[in-house]
Amino acid sequence: DGLKENWYKYNYCNPPFDECKKWIQKAYGEQQKGNTTMLLIPVRTETAYWHDYILHNENVEITWLRKGYRFLNPETKQPMGIFKNALAFVLFKGV
């Protein structure tokens, strides 16, 4: 379980979109330990976790992506429907 384990110096995570808050909190905690993490997450700037951990964090870089990406189902490896919301790469730079 990646939420319980210690992370490495450099990490990449594409978390389940319905559990983003937990993974963002984990990435933030790892950032405080000096670890760097890149997350691919939906843009949900109206949420408290975006404000608490991302938007006002001077050690975060955001790369904004357009909406309309398609992902593969991790179990079947078949294409899923198009994700209709905007996404972002969020880089938590270790401090």
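## Exercises on a predicted model

Glu 30 is buried, with just 1% relative accessible area. Keep in mind as you work that this model is predicted.

**Exercise 1. Find where Glu 30 sits and what its side chain reaches.**

Step 1. Start with the address: Glu 30 belongs to helix H1.

Step 2. Now check the burial label. The cut-off for buried is under 20% relative accessible area, and Glu 30 has 1%, so it counts as buried.

Step 3. Look for partners, skipping neighbours within four places in sequence. That leaves Glu 5, Asn 6, Trp 7 and Asn 35 in contact with Glu 30.

Step 4. Zoom in on one of those partners: the backbone nitrogen of Trp 7 is 3.4 Å from the side chain of Glu 30.

**Exercise 2. Decide whether Asn 57 is buried or exposed, and list its contacts.**

Step 1. Go to the loop that joins helix H2 (48-55) to strand S3 (60-65); Asn 57 is in there.

Step 2. Being in a loop doesn't settle the matter, so check the number: Asn 57 is buried because its relative accessibility is 13%, and the cut-off is under 20%.

Step 3. Leave out the neighbours within four places in sequence, and Asn 57 touches Tyr 28, Gln 31 and Phe 92.

Step 4. Then look at the side chain. One of its polar atoms lies 2.8 Å from the backbone nitrogen of Asn 59.

Step 5. For a sense of scale, try Lys 26, which is 31 residues from Asn 57 along the chain; their C-alpha atoms are 15 Å apart.

**Exercise 3. Work out which elements build the largest nonpolar core, and follow Ile 24 through its contacts.**

Step 1. The core has 20 residues, and the ones touching the most other members are Ile 24, Leu 39, Ile 41, Trp 50, Ile 54, Val 90 and Phe 92.

Step 2. At least two residues of this core come from each of helix H1 (20-32), strand S2 (36-42), H2 and strand S6 (87-92).

Step 3. Pick Ile 24 and ignore residues up to four places away in sequence. You'll find Leu 39, Ile 41, Tyr 49, Tyr 53, Ile 54 and Phe 92 touching it.

**Exercise 4. Describe the lining of the largest pocket.**

Step 1. Get the volume: about 200 Å³.

Step 2. Two elements give two or more residues to the lining, strand S4 (69-72) and strand S5 (79-83). S5 has the largest share, with three residues.

Step 3. Sort the lining by character: seven nonpolar, two polar and no charged. Among the lining residues are Phe 17, Phe 71, Leu 72, Met 80 and Phe 83.

**Exercise 5. Say what stands out about the phi of Lys 77.**

Step 1. Find Lys 77 in the loop between S4 and S5.

Step 2. Read the angle: phi is positive, about 65°, although Lys 77 is not a glycine.

Step 3. Finish with accessibility. Exposed means over 50%, and Lys 77 has 55%, so it counts as exposed.

Key: Residues are numbered from 1 along each chain as its sequence is written. This is a predicted model: local features need pLDDT of at least 70, side-chain atom pairs count only at pLDDT 80 or more; totals for chains, interfaces and linings use all residues. Side-chain values use heavy atoms; hydrogens and water are left out. Helices (H or I, at least four residues) and strands (E, at least two) are DSSP runs, numbered from the N terminus. Buried means under 20% relative accessible area, exposed over 50%, partly exposed in between (1.4 Å probe, protein chains only). Contact means heavy atoms within 4.5 Å. A polar contact is a pair of N or O atoms within 3.5 Å; within protein, one must be able to donate a hydrogen and the other to accept it, and residues adjacent in sequence count only if both atoms are side-chain atoms. A nonpolar core is a set of buried Ala, Val, Leu, Ile, Met, Phe, Trp, Tyr and Cys residues joined through side-chain atoms within 4.5 Å. On a 1 Å grid over the protein atoms alone, a cavity is a set of points where a 1.4 Å probe fits but cannot get out, and a pocket is an open set with protein on both sides within 12 Å along at least five of seven lines; lining residues have an atom within 4 Å of a point. Grid points are joined across faces, edges and corners, and a volume is the space filled by probe spheres set on the points. Ala, Val, Leu, Ile, Met, Phe, Trp, Tyr, Cys and Pro count as nonpolar, Asp, Glu, Lys and Arg as charged, and the others, Gly among them, as polar.
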